[in-house]
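Colleague: Can you walk me through how you arrive at your labels? I'd like to see each value set against its cut-off.

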Amino acid sequence: MNMIRTAMLLAFMTALFMGIGFMIGGSGGMMIAFLVAAGMNLFSYWNSDKMVLSAYRAQEVDAHNAPEFFHMIRDLSANAGLPMPRVYIYDNPQPNAFATGRNPQNAAVAASTGLLERLTPEEVAGVMAHELAHIQNRDTLTMTITATLAGAISMLGNFAFFFGGNRENNNPLGFIGILLAMIVAPFAAMIVQMAISRTREYSADRRGAEICGNPIWLASALGKIAGAARVIHNSDAERNPATAHMFIINPLSGERMDNLFSTHPNTQNRIDALHSMASEFAATSTRPSPAARPTRTSRSVPTTGPARGNDEPRKGPWS
């Protein structure tokens with residue numbers, strides 16, 4: 001079903017790309033846009049994950065330079081029955097995370113330094129289990145390719161703004177066509193928001209809670225991330241708004257309402273759903289799997305707040 005949905009989405013985005021080309025340069029512009037869109041579809045299928053990771057300057061880590069985080073992902077992947085994804089950390093104070101990749105065999109998960117520094121190990125486990133759920137549900141291909149094409153549509157709209165005036169005579173819509181193409185650019189993120197079903201987040205929340213074994217871990221993490229995202233500016237995300245739907249919480253300023261144009265459901269609704277799930281767990285005496293429990297060692301995932309006992313808050317190897 002996801003493959004059919006992805007094919008339909010790509011067809012829609014390609015048609016939109018061609019429509020903008022027609023508004024800018026008539027039939028010739030539409031043909032050029034078609035060729036560009038076809039090339040981008042093929043390129044983004046194989047390389048969109050690398051482009052997104054590069055946009056956030058994410059660095060791959062392993063068991064040597066981030067042992068606790070790496071082993072956490074390994075254990076959660078085993079719980080989910082998934083191949084071990086590539087693990088990345090990107091330097092940003094806003095706590096957030098995303099997953100990418102065309103399939104579970106070629107997937108990657110990325111967490112911000114802010115996530116690892118501000119959340120407890122249990123909360124980090126809940127967040128990363130959510131991202132692994134996206135991989136297992138095969139959401140990442142659709143989410144990543146859509147981000148690439150939406151960015152291209154925005155770029156084409158900007159092209160109309162700067163160079164469209166010289167093309168008025170090449171398209172039957174004249175200045176109106178150019179104006180329409182220009183309007184598409186600032187709404188490129190909305191196109192993504194409408195194209196990506198927000199039900200994916202609810203599904204990933206539920207599956208992520210099953211993977212880590214405790215819905216409260218993820219519920220607590222969502223509350224902290226949403227609160228921090230409102231006050232911590234993410235300049236990389238602001239430069240790449242078409243990728244906003246890939247994160248566990250919208251990294252952009254605004255867009256907090258649970259409406260048609262939001263990339264994510266209302267955070268409180270998600271938290272309430274997770275608490276209801278926790279009640280289900282309690283009613284059936286379900287307990288977290290031991291493999292899902294992140295270990296606490298001298299090089300554990302860093303936390304904020306008062307130190308335990310007389311210890312200072314710990315800093316991880318990714319700092």
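Modeller: Sure, starting with polar contacts: a pair of N or O atoms within 3.5 Å, where within protein one must be able to donate a hydrogen and the other to accept it, and residues adjacent in sequence count only if both atoms are side-chain atoms. This is a predicted model, with local features needing pLDDT of at least 70, side-chain atom pairs counting only at pLDDT 80 or more, and totals for chains, interfaces and linings using all residues. Residues are numbered from 1 along each chain as its sequence is written, and side-chain values use heavy atoms, leaving out hydrogens and water.

Colleague: What reaches the backbone nitrogen of Ile216 at the start of helix 9?

Modeller: A side-chain oxygen of Asn214, to within 3.0 Å. Helices here are DSSP runs (H or I, at least four residues), numbered from the N terminus.

Colleague: Why is helix 4 called roughly perpendicular to helix 9?

Modeller: Helix 4 and helix 9 pack at about 95°, their axes 8 Å apart. Roughly perpendicular means 65 to 115 degrees, so helix 4 gets that label against helix 9. On the helix 4 side, the contact (heavy atoms within 4.5 Å) includes Glu122 and His130, and on the helix 9 side Trp217 and Lys224.

Colleague: What makes Asp272 partly exposed?

Modeller: Asp272, in helix 11, has a relative accessible area of 39%. Buried is under 20% and exposed over 50%, with partly exposed in between (1.4 Å probe, protein chains only), so Asp272 is partly exposed. Its C-alpha atom is 8.0 Å from that of Ala219, one of the buried residues of helix 9.

Terms used:
Helix = DSSP H or I, 4+ residues; strand = E, 2+ residues; numbered from the N terminus. Axes fitted to C-alpha atoms, helices over the stretch in contact; angles between N-to-C directions. Parallel < 35°, antiparallel > 145°, perpendicular 65-115°, else oblique.
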